[in-house]
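User: I am new to this structure and would like a close look at a single part of it, the largest pocket. Please describe that pocket with care, and then set it in its surroundings.

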Amino acid sequence: NYTSDILVVDTINPEIKFSYDNTPDVQAAVLTVTEHNFNKDDLTIDVEAEDIKGNKIDVDLQTYLTGSAEWTSEGDVHTARISSEFADAIYSVKLNYIDLSTRKAEQVSSTFTVDHTKPEVSSWSVSYSTPVLGTIISNITFGYYNPDVTVTFTAYDQTSGVSYFTWDYARQDG
């Protein structure tokens with residue numbers, strides 16, 4: 001009795017899908033590879049991560065995805081979810097997959113920002129200024145003219161910058 005080596009005939013290119021969900025409740029990526037003979041070691045991921053100043057941040061998603069990542073499979077569709085493995089950074093990710101028959105998936109690229117850390121309160125400032133002409137007119141009219149006041153808010157975030165401020169105020173008499 002002789003048993004020959006098993007031959008695999010694969011005529012379909014693998015497919016990669018990647019999405020990053022960035023909402024207040026969820027900050028996670030979903031990676032899906034559609035391939036009949038899936039092997040997570042055939043996946044390559046090139047990650048560039050940096051802060052807002054361009055400082056490099058070390059993130060090794062390749063080792064995670066080919067090592068301890070939990071992959072779920074439904075037929076030929078294989079999915080991994082990535083969340084806590086992301087450090088705060090601005091990401092540029094390129095994903096590739098080459099199957100056993102050397103068929104290549106179309107490369108998938110994605111850029112996104114992960115920022116779990118709020119700006120430090122010590123970096124916040126508020127300043128008020130009144131145009132010089134407004135101040136002069138107010139003095140001449142003994143305070144009957146109320147000049148415009150410019151309020152400037154400043155805050156810094158080391159990962160992604162500040163997108164917006166939400167604020168309110170209580171109007172003072174006069």
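Analyst: What follows begins with the chain as a whole, turns to the pocket and its lining, and then moves on to some other sites.

The model is a predicted one, so the description below concerns computed coordinates and values. The protein has 174 residues, of which 26% count as buried, and its secondary structure consists of two helices and nine strands. Read from the N terminus, these elements follow the order β-β-β-α-β-β-β-β-β-α-β.

The largest pocket has a volume of about 700 Å³. Its lining is made by 25 residues, and those that lie nearest the centre are K118, P119, V162, S163 and Y164. By character, the lining residues divide into 11 nonpolar, 11 polar and three charged. Several strands take part: β7, which covers residues 108–114, β8, which covers 125–129, and β9 each supply at least two residues of the lining. The last of these strands, β9, spans residues 150–154.

Among the residues nearest the centre of the pocket, K118 deserves a closer look. K118 sits in the loop between β7 and β8, two strands that themselves contribute to the lining. K118 counts as exposed because its relative accessible area is 72%, which is over the 50% cut-off for that class. Although K118 and Y156 are 38 residues apart along the chain, their C-alpha atoms are separated by 9.5 Å.

Strand β9 also leads to a feature of the surface, since V151 lies in this strand. V151 helps to make a nonpolar surface patch of about 380 Å², together with V126, Y128 and V149. With a relative accessible area of 32%, V151 is partly exposed; a residue must have over 30% to be counted in a patch, so V151 can be included.

Strand β7 can be followed in the other direction as well, into the loop between β6 and β7, where T102 is found. T102 has a positive phi of about 65°, although it is not a glycine. Most residues other than glycine have a negative phi. T102 is exposed, with a relative accessible area of 60%.

On the other side of that loop is β6, which spans residues 89–97 and contains Y91. In contrast to the exposed T102, Y91 is buried, because its relative accessible area is 1%, where under 20% is the cut-off for a buried residue. The C-alpha atom of Y91 is separated by 9.0 Å from that of D51, which is 40 residues away along the chain.

The account can close with the salt bridges, of which the structure holds two. In one of them, E50 and K56 meet through their side chains, at 3.4 Å from N to O; E50 is partly exposed at 28% relative accessible area, whereas K56 counts as exposed at 62%. The other joins K17 to E15, with the closest N and O atoms 3.7 Å apart, and here E15 counts as partly exposed, at 39% relative accessibility.

Methods. Residues are numbered from 1 along each chain as its sequence is written. This is a predicted model: local features need pLDDT of at least 70, side-chain atom pairs count only at pLDDT 80 or more; totals for chains, interfaces and linings use all residues. Side-chain values use heavy atoms; hydrogens and water are left out. Patches are made of residues with over 30% relative accessible area and no salt bridge: like charges are joined within 9 Å, nonpolar side chains (Val, Leu, Ile, Met, Phe, Trp, Tyr) within 5 Å. Accessible areas come from the Shrake-Rupley method with a 1.4 Å probe; for residues, only the protein chains shown count as cover. A salt bridge is a side-chain nitrogen of Lys or Arg within 4 Å of a carboxyl oxygen of Asp or Glu. Helices (H or I, at least four residues) and strands (E, at least two) are DSSP runs, numbered from the N terminus. Buried means under 20% relative accessible area, exposed over 50%, partly exposed in between (1.4 Å probe, protein chains only). On a 1 Å grid over the protein atoms alone, a cavity is a set of points where a 1.4 Å probe fits but cannot get out, and a pocket is an open set with protein on both sides within 12 Å along at least five of seven lines; lining residues have an atom within 4 Å of a point. Grid points are joined across faces, edges and corners, and a volume is the space filled by probe spheres set on the points. Ala, Val, Leu, Ile, Met, Phe, Trp, Tyr, Cys and Pro count as nonpolar, Asp, Glu, Lys and Arg as charged, and the others, Gly among them, as polar.
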